[in-house]
Amino acid sequence: MKTAVLTVLAGLMMFSCTNRQTAELSQEGEAQLLETSREWSKSFSTEAYFSFIGEDGIMMAPDQPLLQGHEKIRKVLSEFQSIPGFNVTWEPQQAFVSESGDLGYTIDKMLVSFEDENGSTVKQFEKVVSIWKKNEEGVWKMAVDIWNTDPTLTAIDKQG
């Protein structure tokens with residue numbers, strides 16, 4: 001009887017340690033993914049921007065067809081960038097990383113601004129979900145990005 005109790009206790013301790021290690025790895029992965037999304041948001045050159053997107057990455061922009069691959073995304077991005085005063089900034093709010101550590105998603109708040117036909121600045125707040133996959137080198141690459149407007153947002157920081 002004593003041996004059975006000790007065996008059960010040892011098993012529970014091992015299970016507890018494994019769960020704690022998994023939680024710690026998950027938190028590390030989520031922090032890393034949040035930081036990757038923040039770095040992506042600060043990429044000002046087209047080359048730097050595309051370095052965060054997988055070759056077969058998909059973007060689902062409002063009022064646009066599904067865009068897959070760098071070439072199609074680049075074409076629409078160029079159209080957006082030709083709009084006077086066009087600027088995009090975002091702030092990741094949350095991240096989740098799978099237990100395997102190779103798939104995750106972020107939830108972001110985004111601000112798109114541009115000039116209207118009268119030259120006045122228009123600010124449009126949006127919500128975003130980005131799905132990320134690690135490539136063969138273990139680097140996070142955006143796999144799917146989808147967003148739409150959110151009239152309830154007034155800022156992109158965590159409080160807004």
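What is the volume of the largest pocket? In this predicted model, the largest pocket has a volume of about 730 Å³, and the legends below begin there before they turn to the sheet.

**View 1. The largest pocket and the residues that line it.** The lining of this pocket is made of 36 residues, of which Leu77, Phe80, Phe86, Val88 and Val112 are the closest to its centre. Two or more lining residues come from each of the elements α1 (2-41), α2 (46-50), α3, β3, β4, β5 and β6, and the element that gives the most is α3, with 5 residues. Sorted by class, the lining of the largest pocket holds 20 nonpolar, 11 polar and 5 charged residues.

**View 2. The open sheet of 6 strands.** The strands follow one another in the order β2-β1-β6-β5-β4-β3, and the pairing among them is mixed. Because β2 (67-68) and β3 (87-97) stand at the edges, each with a single partner strand, one side of each is left without a neighbour in the sheet. As a general point for reading this view, strands of a sheet pair through backbone hydrogen bonds, and they do so either parallel or antiparallel.

**View 3. Strand β1 between its two partners, with helix α3 lying across.** Strand β1 (residues 53-60) pairs with β2 in the antiparallel sense over 2 bridges, whereas β1 and β6 pair in the parallel sense over 4 bridges. Met59 is a useful residue to find here, since Met59 stands opposite Leu67 in β2 and also opposite Asp145 in β6. Helix α3 (residues 70-81) lies across both β1 and β2, and its direction makes an angle of about 50° with β1.

**View 4. The hairpin of β3 and β4.** These two strands are joined by 10 bridges and run in the antiparallel sense, and one pair to look for is Asn87 with its bridge partner Ser113 in β4. There are 5 residues between the strands of this hairpin, where Gly101 takes a positive phi near 80°.

**View 5. Strand β5 and the hairpins on either side of it.** Strand β4 (residues 103-115) pairs with strand β5 (residues 121-134) in the antiparallel sense over 13 bridges; within this pairing, Leu103 has Lys133 as its bridge partner in β5, and Phe114 stands opposite Val122. The hairpin that β4 and β5 form has 5 residues between the strands, and Gly119 in its turn has a positive phi of about 85°. Strand β5 is also joined to strand β6 (residues 140-149), again antiparallel, by 9 bridges, with Glu126 standing opposite Thr149 in β6. This second pair forms a hairpin too, with 5 residues between β5 and β6, and Gly138 in the turn has a positive phi of about 80°.

**View 6. A salt bridge between Arg38 and Glu91.** A search of the whole structure finds 2 salt bridges, and in the one shown here the side chains of Arg38 and Glu91 meet at 2.7 Å, taken from N to O. Arg38 belongs to helix α1 and Glu91 to strand β3, so the pair ties together parts that are 53 residues apart in sequence. In general, side chains of opposite charge can pair when their charged atoms come close.

Technical notes:
Residues are numbered from 1 along each chain as its sequence is written. This is a predicted model: local features need pLDDT of at least 70, side-chain atom pairs count only at pLDDT 80 or more; totals for chains, interfaces and linings use all residues. Side-chain values use heavy atoms; hydrogens and water are left out. Two strands pair if DSSP finds at least two bridges between them. Contact means heavy atoms within 4.5 Å. Axes are lines fitted to C-alpha atoms, for helices over the stretch in contact, and angles run from 0 to 180 degrees between N-to-C directions. On a 1 Å grid over the protein atoms alone, a cavity is a set of points where a 1.4 Å probe fits but cannot get out, and a pocket is an open set with protein on both sides within 12 Å along at least five of seven lines; lining residues have an atom within 4 Å of a point. Grid points are joined across faces, edges and corners, and a volume is the space filled by probe spheres set on the points. Ala, Val, Leu, Ile, Met, Phe, Trp, Tyr, Cys and Pro count as nonpolar, Asp, Glu, Lys and Arg as charged, and the others, Gly among them, as polar. A salt bridge is a side-chain nitrogen of Lys or Arg within 4 Å of a carboxyl oxygen of Asp or Glu.
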